[in-house]
Amino acid sequence: MSRHVCDVLVIGGGIVGLTAAWRALDAGASVVVLDPSPGDGATHAAGGMLAPVMEAGFGEQGQARLGTASLALWPTFAEALERAAGLPPGTVGLETAGTLALAYDRDDLVELRRLLALHREWELGSAEISPDEARRRAPGVGPRVAGAAWVPGDHRVDPRAVHAALIAVVAARGSLVPRAAVSLTWADGAAVGALDDAGTAYAAGTVILAAGHASGTLFAGAPTRPVPGTTLRLDTDVGRAPAVVVRGTVQGRPVYVVPRPVRPDGRRELVVGATSDEREDDHLTRAGDVFALLRDVRALLPELDDAVLLETVTRSRPGSPDNAPLVGWAADGLFLATGHHRNGILLTPLTAAAVDQALGAAPEGPEAAAAVEAATRFADPRRFADPRRPADPRGFADVHSTTRGGTA
């Protein structure tokens, strides 16, 4: 059996996993990333909304706190990533133009107003506007829309561009191995590496588990599940496309449209989504989901009738029992970065700050410190541990190390 030794082994090559690898590389560690198809999971389907306000649900104030803390880090994160990858500013598509929320009928408007009241209570920042004002912000808004709101604090980024930048950084300085991890290896209650599907063993001072919904199959203390969702990619003339994110409900069904930058040919790609299911992860796109997304986006933005359907993608987000992420030490030598549910892209910089601290770097500035505090408070993986059970190295452990996983 062949064997590789590294300081940090990252399992999972999506945005979260590669971000963890980048942070480990910057800490001076030797890094190996295991993933048979990096970026082909939730990252590939993600719309890229950075939406701590509109994603804030009733009873989920902790998730809202996580989201707002992470959003504050996104400008610095994007700039640092572009610089590390040798890319021009703006390559990853970070846009801070705000989000337009729409309610199709009166019942949808009632629900929108309930959500706006929650935003006021949590001081998240949003305001109801008239349908006419909504059309001034996005001229394609349809005539039957009953109400609207403006959400200046919700932004967007291009996940595929972010992932491409991360690939460039990690491939240049680390090792990307196109294999799947099939098991973790343990010694004296500590995670010390993993075995891949070719029978190769990897030994590491720290294992970072960022395998999305599959994380739970490798570690019982990561209670993740697949939450499939479908996104569509449309192509249209810039005059028919909104320039800001549009989120809406159509007779109770959510739908969103996320614009990509205008191309030189005067056209723009749009990502349309909002399906979310509790079913098997099979990557199969259902006809009914495509129909529902096109029907509802057309109800809000009728001019998109003429758009070209470029792509349909169905992938699974990693859900957790409370839909909050699992970010932190779960056992000696094992750091979790998974369970981000619908907000993996939004929470990437927060996860990066938590990884930095885990590898011995103090948070730089008050915003990073706030993000680490939020992660510690609301995303600790050990919150699901049963205190009545003894520690099990294959599940939860009672002790962890905040120094293990440096560059030893």
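**Reading rings, a sheet and a buried valine**

Reader: What sits over the ring of W22?

Author: The charged end of R23 does, at 4.7 Å from the centre of that ring. Bear in mind that this is a predicted model. A second case involves F58: R114 lies over its face, 4.6 Å from the ring centre.

Reader: Which aromatic cluster does W22 belong to?

Author: W22 forms one aromatic cluster together with W74 and F77.

Reader: How many aromatic pairs does a search of the whole structure find?

Author: The search finds four aromatic pairs. One to look at is W329 with F335: the ring centres are 5.5 Å apart and the planes stand at 90°. Planes over 60 degrees apart count as edge-to-face, so W329 and F335 make an edge-to-face pair.

Reader: Are W329 and F335 buried or exposed?

Author: The cut-off for buried is under 20% relative accessible area. W329 has 7% relative accessibility, so W329 counts as buried. F335 has 4%, so F335 is buried as well.

Reader: Now the sheet. What is the order of the strands in the open sheet?

Author: The eight strands run in the order β5-β6-β4-β13-β14-β15-β12-β16, and their pairing is mixed. An edge strand pairs on one side only; here the edges are β5 (127–129) and β16 (308–319). From one strand to the next, the twist averages 25°.

Reader: In which sense do β4 and β6 pair, and over how many bridges?

Author: They pair in the antiparallel sense, over five bridges, with β4 covering residues 99–103. To locate the pairing on the model, start at T99, which stands opposite V151 in β6.

Reader: Where is V141 found?

Author: V141 is in the loop between α6 (131–137) and β6 (147–151).

Reader: Is V141 buried or exposed?

Author: Apply the cut-off used for the two rings: under 20% is buried. V141 has a relative accessible area of 5%, so this loop residue is buried.

Reader: Which residues does V141 touch, leaving aside those up to four places away in sequence?

Author: Its contacts are L100, L102, A134, R135, L300, L301 and P302. L100 and L102 fall within the residue range of β4, 99–103.

Reader: How far is V141 from E364?

Author: There are two ways to state it. Along the chain, V141 and E364 are 223 residues apart; in space, their C-alpha atoms are separated by 42 Å.

Terms used: Residues numbered from 1 in each chain as written. Predicted model: local features only at pLDDT ≥ 70, side-chain atom pairs only at ≥ 80, totals over all residues. Heavy atoms only, no water. Phe/Tyr/Trp six-rings, centres within 6.5 Å; stacked < 30°, edge-to-face > 60°. Buried < 20%, exposed > 50% of the residue type's maximum accessible area, 1.4 Å probe, protein only. Lys NZ or Arg CZ within 6 Å of the ring centre and 35° of its normal. Helix = DSSP H or I, 4+ residues; strand = E, 2+ residues; numbered from the N terminus. Contact = heavy atoms within 4.5 Å. Pairing = 2+ DSSP bridges. Axes fitted to C-alpha atoms, helices over the stretch in contact; angles between N-to-C directions.
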